[in-house]
Amino acid sequence: MRTKLVLAVMAVAAGVFAFTLVHALWYAPDMEVGDNAVAAAHAATPIDGGAPSRITIPSLSIDANVQHVGIAYSGAVGVPSNFTDVAWYKYGAEPGETGSALIDGHVDNGLSLAGVFKDLDSIQDGADIYIETVSSTKLHFKVTDVEEYPYQSVPMNELLSKTGTPRLALITCDGAWVQSQRSYDHRLVVYATLVD
Amino acid sequence: MTRYQKALGAATVLGVLLTGGTAFAQTASTTTTTGASTTVSTPTTTSTSSTVTTPTAPNTGAGGDTALNLGALAASALVLMGGAAYLARKRSLA
């Protein structure tokens with residue numbers, strides 16, 4: 001009887017251990033919802049060959065797959081489903097087209113191990129960013145500005161604008177952790193413009 | 001349980017079945033808060049017009065949960081090791 005009890009407790013502990021490990025290492029918070037008004041409004045918009053498939057930033061040794069995301073339950077832009085990919089906001093502008101294409105990536109995971117954009121704050125003005133599209137077109141951007149904003153002050157209208165010169169915005173978390181929000185209190189944004 | 005208690009219980013159940021049970025109206029006074037919210041965040045979009053509201057900035061980090069996750073990992077690992085030690089000791093004694 002006592003052995004069975006010990007085995008049961010061990011089984012629960014094994015479950016907690018496995019769940020926590022998977023949650024911390026692979027689960028990305030605030031992932032996209034598949035069905036909402038924005039998705040419905042854009043459902044007729046197919047992903048074409050101009051959508052990004054890979055991003056390379058040589059100065060930061062970043063070479064990552066690009067996921068395509070929409071909106072999360074929280075009302076925020078969706079994020080990649082893991083900590084090594086980045087995510088392009090698929091209802092915004094495509095890279096290389098008129099307007100600002102937005103790409104986000106995690107800064108860290110649930111065990112504070114580095115996410116794909118861990119070192120994004122060290123990128124320099126003039127740094128090269130390369131985007132490869134689904135149709136294998138390679139686009140070259142150069143960093144023009146790096147800004148840090150309080151979470152509530154991120155200029156999302158500007159980052160998702162579909163007008164103006166072709167440009168790119170990379171965004172990740174920054175600042176201090178706010179436990180009640182389970183998020184960081186700032187966002188780091190890297191602006192880049194299309195070179196060729 | 002005595003025969004009398006069984007009969008009383010059966011009669012109660014039968015009575016509830018025949019009367020259709022007790023009507024329950026949920027009011028503020030009969031509702032308690034559990035701490036778990038069932039409210040889904042306000043959608044970021046409008047759905048009845050062509051206007052689309054801009055989404056908020058993405059949540060791209062989870063590092064603040066590190067202490068909690070490490071604590072859960074350590075506690076569950078300790079329980080597993082303790083259980084394994086107990087079973088090993090019991091087997092060696094048998």
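How many residues of chain B are in contact with chain A? The views below start with that question. They come from a predicted model.

**View 1. Chain B meets chain A.** 34 residues of chain B are in contact with 49 residues of chain A. On the side of chain B that touches chain A, 15 residues are nonpolar, 17 are polar and 2 are charged.

**View 2. Helix α2 of chain B and its cover.** Helix α2(B) takes in residues 66-93. Its 28 residues should span 40 Å at 1.5 Å a residue, and the end C-alpha atoms are 40 Å apart, so expectation and model agree. Asn69(B), Ser76(B) and Gly83(B) are buried in this helix. Part of the cover over the buried residues of α2(B) comes from the other chain: it includes α1 (2-25) of chain A.

**View 3. The closed barrel of chain A.** Eight strands of chain A close into a barrel. Their order is β1-β2-β3-β4-β7-β8-β6-β5, and the pairing is mixed. On average, neighbouring strands of this sheet are turned by 35 degrees against each other, direction ignored. Strands of a sheet pair through backbone hydrogen bonds, either parallel or antiparallel.

**View 4. A parallel pair, β2 and β3.** Strand β2(A), residues 62-69, runs parallel to strand β3(A), residues 86-89. The two are joined by 4 bridges. Val66(A) has Val86(A) in β3(A) as its bridge partner.

**View 5. Strand β8 and its two antiparallel partners.** Strand β8(A) covers residues 183-194. With strand β6(A), residues 138-150, it pairs in the antiparallel sense over 9 bridges. Here Val143(A) stands opposite Ala192(A). With strand β7(A), residues 167-178, the pairing of β8(A) is again antiparallel, over 10 bridges. Here Ile171(A) stands opposite Val189(A).

**View 6. The β7-β8 hairpin turn.** β7(A) and β8(A) form a hairpin. Between the strands lie 4 residues. Arg182(A), in the turn, has a positive phi of about 50 degrees.

**View 7. The largest nonpolar core.** This core has 45 residues. Those with the most contacts inside it are Ile55(A), Leu102(A), Ile103(A), Ile129(A), Leu168(A), Leu170(A) and Ile171(A). One of them, Ile171(A), also appears in View 5, opposite Val189(A) in β8(A). In soluble globular proteins, nonpolar side chains tend to be buried together.

**View 8. Around Ile55(A).** Which residues is Ile55(A) in contact with, leaving aside its neighbours within four places in sequence? They are Ile62(A), Ala64(A), Val66(A), Val86(A), Ile103(A), Ile129(A) and Ile131(A). Val66(A) and Val86(A) are the bridge partners of View 4.

Technical notes: Residues are numbered from 1 along each chain as its sequence is written. Chains are lettered from A and ligands numbered from 1 in the order in which they are written. This is a predicted model: local features need pLDDT of at least 70, side-chain atom pairs count only at pLDDT 80 or more; totals for chains, interfaces and linings use all residues. Two residues are in contact if their C-beta atoms, placed from the backbone, lie within 7 Å. Ala, Val, Leu, Ile, Met, Phe, Trp, Tyr, Cys and Pro count as nonpolar, Asp, Glu, Lys and Arg as charged, and the others, Gly among them, as polar. Two strands pair if DSSP finds at least two bridges between them. Axes are lines fitted to C-alpha atoms, for helices over the stretch in contact, and angles run from 0 to 180 degrees between N-to-C directions. A nonpolar core is a set of buried Ala, Val, Leu, Ile, Met, Phe, Trp, Tyr and Cys residues joined through C-beta atoms within 7 Å. A residue is buried if 20 or more other C-beta atoms lie within 10 Å of its own, exposed if 12 or fewer, and partly exposed in between; C-beta atoms are placed from the backbone. The expected span of a helix is 1.5 Å times one less than its number of residues.
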